[in-house]
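Trainee: I'm new to this one. Could you walk me through it, one question at a time?

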Amino acid sequence: MAEADGILLGSPVYFSDVTAGMKALIERSGFVSRANGNVLRRKVGAGVIAVRRAGSNHALSSINFFFLITQMIVPGSSYWNMAIGRHPGDVLADEEGMQTMKTLGENMAWLLQKIHA
Ligand SMILES: Cc1cc2nc3c(=O)[nH]c(=O)nc-3n(C[C@H](O)[C@H](O)[C@H](O)COP(=O)(O)O)c2cc1C
């Protein structure tokens, strides 16, 4: 993460939030960033959520709050960054979700190119 220009964090939704594993990553890397001169500052970050039914926005917010408090820059998309699916590969059938991810990728790449021009 310290070496990356852009960081994508993805999680399924467990009890309307990110998984405990993702929360552990957020807590440890956020602490380490702060303790080392805010190493995540001005990196570009996007959260990506897979959800069976409900809680995607709450889970995405958990990731976005992490990006914002670490002074990262967050691009948007044509919808919130979520796609619907229960089993691996299911999200591919969510046409709007796939378009959201495509637009997100384009906006993230555009932003990274501007920052590093
Ligand atoms: C413990 C647990 C809690 C879940 N909570 C939610 C939930 O709050 N909302 C939802 O839409 N789906 C929920 N699901 C369904 C998952 O989002 C969905 O099955 C996901 O694809 C699981 O990803 P995984 O196979 O990587 O664990 C839950 C699944 C598990 C195992």
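Trainee: Which residue of β3 does Ala-50 stand opposite?

Mentor: Keep in mind that we're looking at a predicted model. β2 and β3, the latter covering residues 82-84, run parallel and are joined by 3 bridges. Ile-49 stands opposite Met-82. As for Ala-50, its opposite number in β3 is Ala-83.

Trainee: And on the β1 side, which residue of β2 does Leu-9 stand opposite?

Mentor: β1 spans residues 6-12, and 7 bridges tie it to β2, again with the strands running parallel. Within that pairing, Leu-9 stands opposite Gly-47.

Trainee: What is the order of the strands in the sheet?

Mentor: Strands of a sheet pair through backbone hydrogen bonds, either parallel or antiparallel. Here the sheet is open, has 3 strands and pairs them in parallel, in the order β1-β2-β3. The edge strands pair on one side only, and they are β1 and β3. From one strand to the next, the twist averages 15°. So for the order you asked about, read β1-β2-β3.

Trainee: Which helix belongs to the β-α-β unit with β1 and β2, and is that unit right-handed or left-handed?

Mentor: The helix in that unit covers residues 20-35, and it's α1. Together β1, α1 and β2 form a β-α-β unit that is right-handed.

Trainee: How many of the residues in β2 are buried?

Mentor: In a regular strand the side chains alternate between the two faces of the sheet. On one side of β2 sit Val-44, Ala-46, Val-48 and Ala-50, and on the other Gly-45, Gly-47, Ile-49 and Val-51, all of them buried. Both faces are covered, then, and the count of buried residues in β2 is 8 of 8.

Trainee: Let's pick one residue there. Why is Gly-45 called buried?

Mentor: Gly-45 belongs to strand β2, residues 44-51. Leaving out neighbours within four places in sequence, its contacts are Ile-7, Phe-67, Met-72 and Val-74. Gly-45 also lies 9.1 Å from Leu-68, C-alpha to C-alpha, though the two are 23 residues apart in sequence. The cut-off for buried is 20 or more other C-beta atoms within 10 Å, and Gly-45 counts as buried because its number is 22.

Trainee: Last one: how many residues surround the ligand, and which are the closest?

Mentor: By class, the shell around the ligand has 7 nonpolar, 3 polar and 3 charged residues. In total 13 residues surround the ligand, and the closest are Pro-12, Tyr-14, Arg-52, Arg-53 and Gly-55.

Notes. Residues numbered from 1 in each chain as written. Predicted model: local features only at pLDDT ≥ 70, side-chain atom pairs only at ≥ 80, totals over all residues. Near = placed C-beta within 6 Å. Nonpolar A, V, L, I, M, F, W, Y, C, P; charged D, E, K, R; others polar. Helix = DSSP H or I, 4+ residues; strand = E, 2+ residues; numbered from the N terminus. Buried ≥ 20, exposed ≤ 12 C-beta atoms within 10 Å, placed from the backbone. Contact = placed C-beta atoms within 7 Å. Pairing = 2+ DSSP bridges. Right-handed = clockwise from strand over helix to strand, strands pointing away. Axes fitted to C-alpha atoms, helices over the stretch in contact; angles between N-to-C directions.
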